[in-house]
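Dear colleague,

I am handing over the structure below, together with some notes on what was found in it. Please read the notes with the sequence and the model open beside them.

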Amino acid sequence: MTLKNILLLFFVFCFTSSFSQMILNRDTSLIISENGIAFSSAFSGGINAGQFSEIDLNLDGTMDIVVFDKSGNKISPFVNDNGNYIYSPKYRSAFPKVHDWMLLADYNCDGKNDIYTYSSAGMAIYENTSSNNLSFSLVTSLVLSNAPNNLYISPVDIPAIADIDYDGDLDVLSFGVLGGTVSYHKNMAIELTGSCDTVVFEFSESCWGLFYEGLNSYILNCPNCICPQIVNPTTIKSKQKHAGSTLLAVDIDNDNDMDLVLGDVSYNNLNLLINGGDNQNALMVSVDSVFPQNHSNTIAADMHVYPASYYLDVTNDGVKDLIVTTNSQNNSENFESCWLYENGGQTNNPDFNFVQTNFLQSDMIDLGKSSFPTFYDYNNDSLLDLVVGNYGYHVANNNPTSSLALFKNTGTKNIPKYELIDRDWQDISNVNLNTNLNIPALNISPTFGDLNADGHKEMLLGDADGKLHYFNNIAGNFTIAAPNYFNIDVGYFSQPQLIDVNRDGLLDIIIGEQDGSLNYCPNSGTATNPEFDTIIINWGGIDVDTNYISAGYSSPKLIDSNGVYQLFVGSFTGTIYQFTNIDGNLNGQFNPIYSSVASLWDGGKCSFDFADINNDNHPEMILGNISGGIAYFSSDSLLNDTTTIPVNILNNKQIKFSIYPNPSTSKLTIESNEIGTIKIKNLLGKTIYKSRKNNYLHEINTSHFLNGIYILQLNSMSSKIVIQ
């Protein structure tokens, strides 16, 4: 049986001494600052390759922002609060699962922006069906153009979705299968029905604008797609294979036809092609390769590798602004990758003024690419600080700079507060841990533990080459003592944790790796002289994400819960898996269980740590992701998490009781073989909902509930539910 099926079918059976599992809730109240200035959206999660669109998320009549990060396929919603953009992850659940690219535009002319997204070498459309709450409904999973052919769009490209012929409906420009020329797919909705509310496209032109794009070079005036004679095939104007391009159609010169802004996969600049024709017969007559510099006397876009451009009003003046990002998931800027040019002119006659390289990113914790958090009291003040490793900050024409970020806990035992005081703590970016090449290592993942019984915790770092590196702790300063520690090598992307696995009083090591399995290195030495001479591979029979991808990027965290070990493992998809049956079974197969932790998600390649940082006797969690950000989840274990404990023992009778989805936005389902009365109470104890449950499944419409925390009761059982 596959791991996925086991996770779906396996349930936790609770006996008289049931295991009360933690309930984790997304929490944005934790204050984190840098240089004395608090991040306004600290837990937005970082941005690597953001794609920007506007939509009214909270249905207040004001356009908000949605950022789709191609890196990790993450949707990040931001609500416009009088010009301030507030991270609002509760709207994420309203969006369908999408990948590669997502653009929002109004396909049916109802005033609400819909979803255009990649699907099977083409695109799908989801209608914005919002009424009282944000919602979408699939219109078509694959748009056709001259049926039965699909409207081709490469997953590595960004198409232009705009009213090209000015007839009132949205057309599509995209590069064809062979590339080089832009295909024009004309929307026939108005012509055929007189309304936008239909999806009928016609493949109108294979060489719209009559130009050919090579590698960041252009040949103009190509009637019938036949370009002028190329005198020297080796010159820059030679026809070269199309590898990837981004498109933005915008009337830049207010002459009622669409000009085109293009980015090329291997270059750092944007090109503006001016349409010298009209909206029925496009003809590109000039190329500006330093856009928007010449157009508005500002600086040129300079996004290392594969720039993309987006046009939306983010300054709340009714005029669309320009945002430049990268469309590359790798080898591109990942810390200052959202350039904002404010438009001081008009939407169709812009005057762009460069504002910043880190729009939205300046308000969030963004540590470049990937983040690997762990709690550690670095200054021995009994307050847990936070150390976060990363894959690295982008460096043009060089390897990324991998480092450790130190967040000092400046709060109290009951009210934690963090200050980001060092983005390269212990100067790790300059330590040559890669002894083969004598250069610093990439993908630094930290763990801490007292390995030599001196009362101080040493530091162990994993890296992209699958190695471990040991740092001795001398009065709070770490010095490299053993690179390639015990010659441990798990392949690639080692994610270590120091913990006493076999409960013999000595710290052992468990290590995640790229293929999704786990490794266990028992400590066969002594308290003062550790010895790691054995690596047990495929520990516990775990191989996360095996149903989705061969590279699971496992990131383990073993925790002791009331004397019982629970194992949590992060993965490439961002799913957190949980396993039990570990104590007394270290050489056997661990049991996967489906828990509420699996519903927590904040991006791909997740890594995390648990600790009680607010002295409430319940663990909190910091969750990292591939975009270099972090999320914070507070814990509330006052009630058993009945989402994770679907079987109870009551009067010698097994009663199944589970609730999902929790949190809920519009409805929730109660799954139980128990018949009886359902009550939902607010935290003041007032019953706000009551009904009779007569069937195995019972649905409750929660769309009219106020956002908040409630207690749901079914006879003698109860569970906390969250309405968003």
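Which residues are linked in a network of salt bridges? They are Asp165, Asp167, Lys186 and Glu191, and I should say at once that the model in which they are found is a predicted one.

Within that network, the side chains of glutamate 191 and lysine 186 meet in a salt bridge, with 2.8 Å from N to O. The two partners are not covered alike: lysine 186 has a relative accessible area of 15%, under the 20% limit, and therefore counts as buried, whereas glutamate 191, at 39% relative accessibility, is partly exposed.

The overall form

The protein chain holds three helices and 51 strands. Its radius of gyration is 28 Å, close to the 27 Å that the globule rule gives for 724 residues, so the chain is as compact as a globular protein of that length. Along the principal axes, the C-alpha trace spans about 80 × 70 × 50 Å.

Of the 724 residues in the chain, 57% are buried, and the accessible surface comes to about 28800 Å², with 49% of it belonging to carbon and sulfur atoms. If we take the contacts with a separation of 6 or more, residues 24 or more positions apart account for 50% of them.

Charges and further salt bridges

The chain carries 33 positive and 76 negative charges, and the mean positions of these two sets are 12 Å apart. Side chains of opposite charge can pair when their charged atoms come close. A search of the whole structure finds twelve salt bridges, and two more of them are described here.

One of these joins glutamate 34 to arginine 423, where the closest N and O atoms are 2.9 Å apart. Because glutamate 34 lies in strand S2 (residues 32-34) and arginine 423 in the loop between strand S29 (418-422) and strand S30 (445-449), this pair ties together parts that are 389 residues apart in sequence.

Another is formed by aspartate 560 and arginine 503, whose closest N and O atoms are 2.8 Å apart. Aspartate 560 belongs to strand S37 (residues 555-561), while arginine 503 sits in the loop between strand S34 (495-499) and strand S35 (508-512), so that parts 57 residues apart in sequence are tied together by the pair. Aspartate 560 is partly exposed, with a relative accessible area of 43%, and arginine 503 is partly exposed as well, with 37%.

Phenylalanine 335 and proline 373

Arginine 423 appears again in the surroundings of phenylalanine 335, for, leaving aside neighbours within four places in sequence, this phenylalanine is in contact with Asn358, Gln361, Asp366, Gly368, Tyr393 and Arg423. Phenylalanine 335 is found in the loop between strand S23 (321-326) and strand S24 (339-343), and at 26% relative accessibility it counts as partly exposed. Its C-alpha atom is 8.1 Å from that of glycine 46, although the two residues are 289 residues apart in sequence.

Proline 373, by contrast, is buried at 3% relative accessibility, and its place is in strand S26 (residues 372-376). Not counting residues up to four places away in sequence, proline 373 touches Leu386, Val387, Val388, Ser607, Phe608, Asp609, Ile622 and Gly624. The C-alpha atoms of proline 373 and isoleucine 711, which are 338 residues apart along the chain, are separated by 32 Å.

Points of backbone geometry

Most residues other than glycine have a negative phi, and most peptide bonds are trans. Against that background, three places may be worth a look in the model.

A cis peptide bond, with omega at about 0°, joins phenylalanine 291 and proline 292, and proline 292 lies in the loop between strand S21 (284-291) and helix H3 (293-296).

Asparagine 221 has a positive phi of about 60° although it is not a glycine; this residue lies in the loop between strand S17 (218-220) and strand S18 (245-250), and it counts as partly exposed at 47% relative accessibility.

Asparagine 562 also has a positive phi, near 55°, and its place is in the loop between S37 and strand S38 (564-570). With a relative accessible area of 74%, asparagine 562 is exposed.

With kind regards

Definitions and conventions. Residues numbered from 1 in each chain as written. Heavy atoms only, no water. Helix = DSSP H or I, 4+ residues; strand = E, 2+ residues; numbered from the N terminus. Rg over C-alpha atoms; globule rule 2.2 N^0.38 Å. Buried < 20%, exposed > 50% of the residue type's maximum accessible area, 1.4 Å probe, protein only. Contact = heavy atoms within 4.5 Å. Areas by Shrake-Rupley, 256 points an atom, 1.4 Å probe, with all protein chains shown as cover. Lys, Arg positive; Asp, Glu negative; His and termini not counted. Charge placed at Lys NZ, Arg CZ, Asp CG, Glu CD. Salt bridge = Lys/Arg side-chain N within 4 Å of Asp/Glu carboxyl O.
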